[in-house]
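Student: I want to know what backs each label here. Let us start with the ligand.

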Amino acid sequence: MNPVLDIRNLTIEYDTPTGVFTAVRNVSFSLAPGERFGLVGESGSGKSTTILALMRMLRGGRVASGDLLLNGRDVSAIPEREFRTVRFAQMSLVPQGAMSSLNPVLRIGRQIGDLFDDHGVRHGRDERRRAIGSLLQRVGLPPEAQDRFPHELSGGMKQRVCIAMSIALGPSLILADEPTSALDVMVQKQVLATLGRVQKDLGAAIVLIGHDMALMAHFVDRIGVMYRGELVEMGPVREVFASPKHDYTRMLIESLPSFDAPRALRRAAQGATFARGG
Ligand code: ADP
């Protein structure tokens, strides 16, 4: 089966006042349809830079070499106008902070409606309201949430709205950049479970970025570990947990709280994921 995403020898540079800084170096990985891939690594290791390059949202940086193929197409060769339709329809981003990605002065329904309009999805008025309502229900929100402004919703609800927007046009790839890091632990698990459920329903592949190995182990099929811009280790989650090759991976696993580590390992070994069914 052709990969949804194929990243080959990707190198990304930023221009800084002190010279060119290589944030991502020779990174390669690919995702099969529906696959869940986790990118872990400490802050500054190049995880966000990698997926921002894919979304063509790099600020002050550039792809110095390598290829980014989305459903077999070279992302950098897609004309800007066409690329606007690729975002959301083929690949969408669930950002780190829902706060900053939702427009504070527009009701939720209007923001989702604008997304439909931008992509030429036409509805009659009642039909639009129903479509938005059912989309919100898919992520565990009441349909009436469309009448709210972002500040009237909790952090978890706002992140659910972002998830709803990310699946609104049925993309084949979802990029989720620490989608739950700003939330309380309990809410984190629920929101991640929702993301897992809608991703599975849609059959989309997902790249989940995070630094919490335990959370990752529950969610992904395969894991890639980034360290200082390089992908230092990659493999099925149970294999990486059972025999980590890189010192940094070992450290990440050993740093799990002791009550979590055996559980995460056991889960990984069973291939069970709490998010898969939920
Ligand atoms: P992560 O997502 O793993 O935390 P990032 O991809 O955000 O890491 O950052 C990787 C590296 O690139 C870091 O050293 C960061 O300081 C640097 N970086 C990120 N954005 C910029 C930028 N706009 N200009 C210069 N350096 C940047």
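Tutor: A residue is near a molecule if one of its heavy atoms lies within 4 Å of it. Around the ligand there are 13 such residues, and Gly44, Gly46, Lys47, Ser48 and Thr49 come nearest. The model is predicted: local features need pLDDT of at least 70, side-chain atom pairs 80 or more, while totals for chains, interfaces and linings use all residues. Numbering starts from 1 along each chain, and side-chain values use heavy atoms, without hydrogens and water.

Student: What makes the pair between serine 48 and the ligand a polar contact?

Tutor: A polar contact is a pair of N or O atoms within 3.5 Å. A polar backbone atom of serine 48 is 2.8 Å from a ligand oxygen, so the pair meets the cut-off. Arginine 59 has a backbone N or O atom 3.0 Å from a ligand nitrogen.

Student: Which element gives the most to the shell around the ligand?

Tutor: H1, with three residues. Helices are DSSP runs of H or I with at least four residues, strands runs of E with at least two, numbered from the N terminus. H1 covers residues 47-54, so the run is long enough to count as a helix.

Student: How do you know that E1 and E2 pair?

Tutor: Pairing takes at least two DSSP bridges between two strands. Nine bridges join E1 to E2, so the two strands pair. They run antiparallel.

Student: Why are E2 and E5 called edge strands?

Tutor: The open sheet has the order E2-E1-E4-E5. E2 and E5 each have a single partner strand, so one side of each lacks a neighbour in the sheet.

Key
Contact means heavy atoms within 4.5 Å. Axes are lines fitted to C-alpha atoms, for helices over the stretch in contact, and angles run from 0 to 180 degrees between N-to-C directions. A polar contact is a pair of N or O atoms within 3.5 Å; within protein, one must be able to donate a hydrogen and the other to accept it, and residues adjacent in sequence count only if both atoms are side-chain atoms.
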